[in-house]
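Got the structure open in your viewer? Let's take a walk around the ligand, one selection at a time.

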Amino acid sequence: MAMTLHHWRNGKTFEGTTDRFSDVTNPATGEVTAHLALATEDDVNAVVETAAAAFPKWRDTSLAARTQIVFRFRELLNARKLELAEIITAEHGKVLSDALGEVSRGQEVVEFACGIPHLLKGGFTENASTRVDVHSVRQPLGVVGIISPFNFPVMVPLWFFPLAIAAGNTVVLKPIEKVPTAALWLAELWKEAGLPDGVFNVVNGDKTAVDGLLTHPEVQSVSFVGSTPIARYVYETAAAHGKRVQALGGAKNHMIVLPDADLDLAADQAVNAGYGSAGERCMAISVVVAVGDIADELVRKIEERTAGLRTGDGTRGCDMGPLITAQAQQRVSGYIDAGEAAGATVVVDGRTVQPDSGGKGFFVGPTLFDHVTTDMSIYTDEIFGPVLSVVRVDSYDEAVRLVNDNPYGNGTAIFTNDGGAARQFSNEIKVGMIGINVPIPVPMAYYSFGGWKNSLFGDSHAHGTEGVHFFTRGKVITSRWLDPSHGGLNLGFPQNA
Ligand code: NAD
């Protein structure tokens, strides 16, 4: 019988008061594996209040003690990452090696957070005015809310909470309904690492839970990752309630291939970044822009590579797993129908894929379109499936215009052996993360992750020093200790002397 999953509050399971539940499904088999409690407003309030109550003590816990707990969390995560990857594969469907990669990329942020004492160091100026010293500190915000999407149920929360916790905040994480187990597993890991109860909490739910976090007066900031319409809504609602917000949205990532590029490398990477995780990555390549007369050869090379890809259950050594839900499968197939009807050439058709594992999973195989034009929905929309579109252009300038005119600005890549062209591209392209002969340029933890335009609402990107700033407030202290010059009235504006 499928188990019921609840929330995590004050270091233990919290059942809450709801009578609403959603199904958690294994996308490779279609089997319902759990029922998830969807929080009521009262449940959200109870979890936020727990986090608020835990804040004063955690904030005042020494940096040395906080860091040791984060370090222990890192050790446990590293030792047990296969277990966590298996949970991801069972609920998300991505293949096990990909799930392990997701955990490792998230772990990098935990490692970065172990250096929080250095990251929080302020400045000190002696004698800024005569016998007056100035110093700056960064202090935690309080309760921070994190709302995550289905496609990275571990890595995306890990972009935020290690730094938030290390900096002295308390956390309420609202995972996506479809893939909730990993968050509860991480909560237990924190407990094992010695994190005090109430510092890391999980509230499961849907819009009710999200709205509860966006409007609760104790929640100081919201870190959101998901589709663009919801990111915009989260940004506007949370900001209207006085919160700091970073809301990362959707993407439509272009990979530009110049005529001088190594076409074998470009074809390999188009396949890896187009079909990895069944295209359900915000950094997936969905458009290959072939510049000049290389298009026929490039398409042929990509097509050849798709022939060897195995689609199936992620636990069985396949290359590509299923999509997240039956609806996602229908939506992606619908886009393929639309692309064909609009006149694009279907070079590889994933609608008829026979998964290695058989069964009732939500599979769509790798799909390749050629002769795609910018008015087609397969070009304009974020499909979030294994569908790669090739657009043919005559010049570098035309390729750049495509990327810069696109409403999304998450990631892009250029393949070329011309250093000058690559340099010009990285200078003039209006996108947050750029790869040069690298297809998925997810920055390292000590840099910050984030897109431009409709791919991010708010001012701060995730992790790196921007993450540290997001989860802390600056304070500047000007001090003078008693000395013979002390005292005297002067109602003028203080000036330095
Ligand atoms: P989603 O927008 O459906 O869900 C994200 C979160 O929003 C979930 O926690 C969900 O419960 C909540 N939510 C959904 N509907 C809501 C509503 N009406 N009101 C309030 N909250 C609501 O996104 P998804 O399908 O889980 O994830 C895929 C999307 O996320 C894609 O668009 C992808 O590009 C994007 N994404 C972006 C990044 C990035 O870094 N920019 C990273 C990963 C995923």
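A polar contact here means a pair of N or O atoms within 3.5 Å. Keep in mind as you click around that this is a predicted model.

Start with serine 148 and show its backbone: a polar atom there is 2.8 Å from an oxygen atom of the ligand. Next, pick lysine 174 and turn on its side chain, where an N or O atom sits 2.7 Å from a ligand oxygen. Then add glutamate 177, which has a polar side-chain atom 2.7 Å from an oxygen atom of the ligand.

Now switch on a surface. How much of the ligand does the protein bury? Alone, the ligand exposes 850 Å², and the protein buries 87% of that. The space it fills is the largest pocket.

Time to colour by secondary structure. Select helix H8 (207–215) and strand S11 (219–225): these are the elements that give two or more residues to the shell around the ligand.

Widen the selection to the 25 residues around the ligand; Lys174, Glu177, Ser227, Gly249 and Glu382 come nearest. Colour the shell by residue type and you get 14 nonpolar, 7 polar and 4 charged.

Last stop: colour domain 1 (3–249 + 455–478) and domain 2 (253–436) separately. Both give residues to the shell, so the ligand lies between them.

Terms used
Residues numbered from 1 in each chain as written. Predicted model: local features only at pLDDT ≥ 70, side-chain atom pairs only at ≥ 80, totals over all residues. Heavy atoms only, no water. Near = heavy atom within 4 Å. Polar contact = N/O pair within 3.5 Å; in protein donor to acceptor, adjacent residues only side chain to side chain. Areas by Shrake-Rupley, 256 points an atom, 1.4 Å probe, with all protein chains shown as cover. 1 Å grid on protein atoms, 1.4 Å probe; cavity = no way out; pocket = protein on both sides within 12 Å on 5 of 7 lines; lining within 4 Å. Sits in = over half its atoms within 2 Å of the grid points. Helix = DSSP H or I, 4+ residues; strand = E, 2+ residues; numbered from the N terminus. Nonpolar A, V, L, I, M, F, W, Y, C, P; charged D, E, K, R; others polar. Domains from an automatic or database assignment.
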